[in-house]
Structure formats: C-alpha cells, structure tokens
Amino acid sequence: VITGGLESNLGEGIYIAFSKLGALSRGDCRPFSPDADGITHGEGAVCFALKRLVDAVEQGDNILGVIHCDGASDGRSASLFEPTSEGQMRAFKNVYGETVPKLDYIEAHATGTQVGDKTELNSIDKFFDQHKTYIGSSKAVFGHTKGAAGATSLLKSLQIIRHRAIPPSPRI
C-alpha cells in the first residue's frame with residue numbers, strides 16, 4: 001500500500017478561520033509548553049510504502065516500524081479543539097489492551113493549544129503511569145500540517161528509531 005499525507009493549503013482563508021476560532025498562535029507552535037497559545041500552520045508531503053507485517057517477515061524485508069493505531073475522537077467532545085481524556089484512554093486500551101507497555105518515546109498529536117495538550121499529556125501520564133517516557137510532537141518543528149500531520153509524525157518516529165536519538169523539541 002502506498003499512503004501518506006499532503007497539506008498545501010496556506011491561503012488566507014485558513015488563517016482567518018483559525019484566528020476567529022481563537023486557535024491560531026501569535027508566534028511559534030509550542031506543544032506542551034506553558035507558553036503555548038495555539039497552533040501554527042505548516043505545509044508538508046510524506047509518502048510511505050506499507051506492507052502487512054506477516055508478508056514483510058515472510059519476504060525477509062527490512063522492517064523499519066510496525067503501526068498500531070486507533071482513533072481517540074468519537075465526535076462527542078465540545079469542539080475539535082477539546083479532545084477528551086476518555087477518548088484517548090479508550091484508544092490506548094484498544095491498541096495495548098490492559099497491559100501497559102514500556103515505550104521509550106511517544107510522538108504526540110500536541111498542537112500547541114492549552115486544553116488539547118493538557119488533556120493529551122494527562123491521558124498519557126495516566127495510562128503510562130509507571131513508565132518514564134519521552135514525549136514530543138512534530139508540530140514544534142513543522143507546524144500543524146493538518147492532512148499530513150499523521151504522516152509527518154510517523155516519519156519523525158521512524159527517524160528516531162533509525163538514528164537511535166530523540167531530537168529536542170524547540171521552544172519548550
């Protein structure tokens with residue numbers, strides 16, 4: 001499967017809409033920072049070639065990563081910018097079950113909004129409570145690439161694995 005994400009909509013309309021919602025940062029994106037004041041927009045394009053794990057193992061492929069995913073939004077929160085801890089906990093449990101894994105790193109959604117980042121950080125802390133885990137967000141580097149946000153996060157995570165180094169998050 002060839003998949004990825006693309007975002008190239010940095011027209012004035014997107015800035016006006018997010019500004020009216022009060023979700024647009026006045027400066028840089030600062031995920032998990034007490035100085036966070038909203039999102040910044042970014043453009044990006046990322047493409048991946050994916051294969052089922054069983055096929056990759058059978059064919060002797062070099063496996064860079066394994067994707068397990070679930071959604072955290074059920075559409076019932078107050079708004080797009082107010083994720084719920086319940087939804088995030090449900091997503092964690094759907095992926096990991098009741099056994100909490102030891103993870104070295106979590107690439108978070110973390111958009112730089114006070115409510116969203118706090119909810120996400122609290123959910124991560126609650127679920128992974130007995131493990132010290134590094135947390136980051138590609139939005140600190142690229143801004144929110146909306147349609148490419150998941151792909152940029154996956155690319156960053158794969159580069160962390162490849163280089164065996166977690167880059168610092170700027171502006172935090």
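User: Which residues of helix α4 are buried?
Analyst: This is a predicted model, in which local features need a pLDDT of at least 70 and side-chain atom pairs count only at pLDDT 80 or more, while totals for chains, interfaces and linings use all residues. Residues are numbered from 1 along each chain as its sequence is written, and side-chain values use heavy atoms, with hydrogens and water left out. Helices (H or I, at least four residues) and strands (E, at least two) are DSSP runs numbered from the N terminus, and a residue is buried under 20% relative accessible area, exposed over 50% and partly exposed in between, with a 1.4 Å probe and protein chains only. By that cut-off, the buried residues of α4 are Gly116, Asp117, Thr119, Glu120, Ser123, Ile124 and Phe127.

User: Within what arc do the buried residues of α4 fall, seen down its axis?
Analyst: The arc is that of the directions from the helix axis to the C-beta atoms. The buried residues of α4 line one face of the helix, whereas Lys118, Asp125 and Lys126 on the other side are exposed. One face is the right description because, seen down the axis, the buried residues fall within an arc of 165 degrees.

User: How far apart are the end C-alpha atoms of α4?
Analyst: The expected span of a helix is 1.5 Å times one less than its number of residues. Helix α4 covers residues 114-127, which makes 14 residues and an expected span of 20 Å. The model agrees with this, as the end C-alpha atoms of α4 are apart by 20 Å.

User: Against which elements do the buried residues of α4 pack?
Analyst: Contact means heavy atoms within 4.5 Å. Thr119, found in helix α4 and buried at 15% relative accessibility, is an example of such packing: leaving aside its neighbours within four places in sequence, Thr119 is in contact with Pro83, Thr84, Ser85 and Gln88. Taken together, the buried residues of α4 pack against α3 (85-96), β3 (105-107) and β4 (134-136).

User: How far apart in space are Thr119 and Pro83, C-alpha to C-alpha?
Analyst: In sequence, Thr119 and Pro83 are 36 residues apart. In space, their C-alpha to C-alpha distance is 6.7 Å.

User: What is the radius of gyration of the chain?
Analyst: The chain has 6 helices and 4 strands, and from the N terminus on its elements run β-α-β-α-α-β-α-β-α-α. The radius of gyration is taken over C-alpha atoms, and the globule rule is 2.2 Å times the number of residues to the power 0.38. That rule gives 16 Å for 172 residues, and the chain is close to this value, so it is as compact as a globular protein of that length, with a radius of gyration of 17 Å.

User: With which residue does Glu7 form a salt bridge?
Analyst: A salt bridge is a side-chain nitrogen of Lys or Arg within 4 Å of a carboxyl oxygen of Asp or Glu, and the structure holds 5 of them. In the bridge of Glu7, the closest N and O atoms are 3.9 Å apart, and the pair links distant parts of the chain, 139 residues apart, from strand β1 (residues 2-7) to the loop between α5 (139-142) and α6 (149-163). Glu7 is buried at a relative accessible area of 11%, and its partner in that loop is Lys146.

User: Is Lys146 buried, exposed or partly exposed?
Analyst: Lys146 lies in the loop between α5 and α6, where it has a positive phi of about 35 degrees although it is not a glycine. Its relative accessibility of 22% is the reason why Lys146 counts as partly exposed.

User: Which residue forms a salt bridge with Lys156?
Analyst: Lys156 counts as buried at 13% relative accessibility, and it is one of the buried residues of α6, which also include Ala149, Leu158 and Ile160. The buried residues of α6 pack against elements including β3. The closest N and O atoms of the Lys156 bridge are 3.2 Å apart, and the partner, 49 residues away in strand β3 and likewise buried at 18% relative accessibility, is Glu107.
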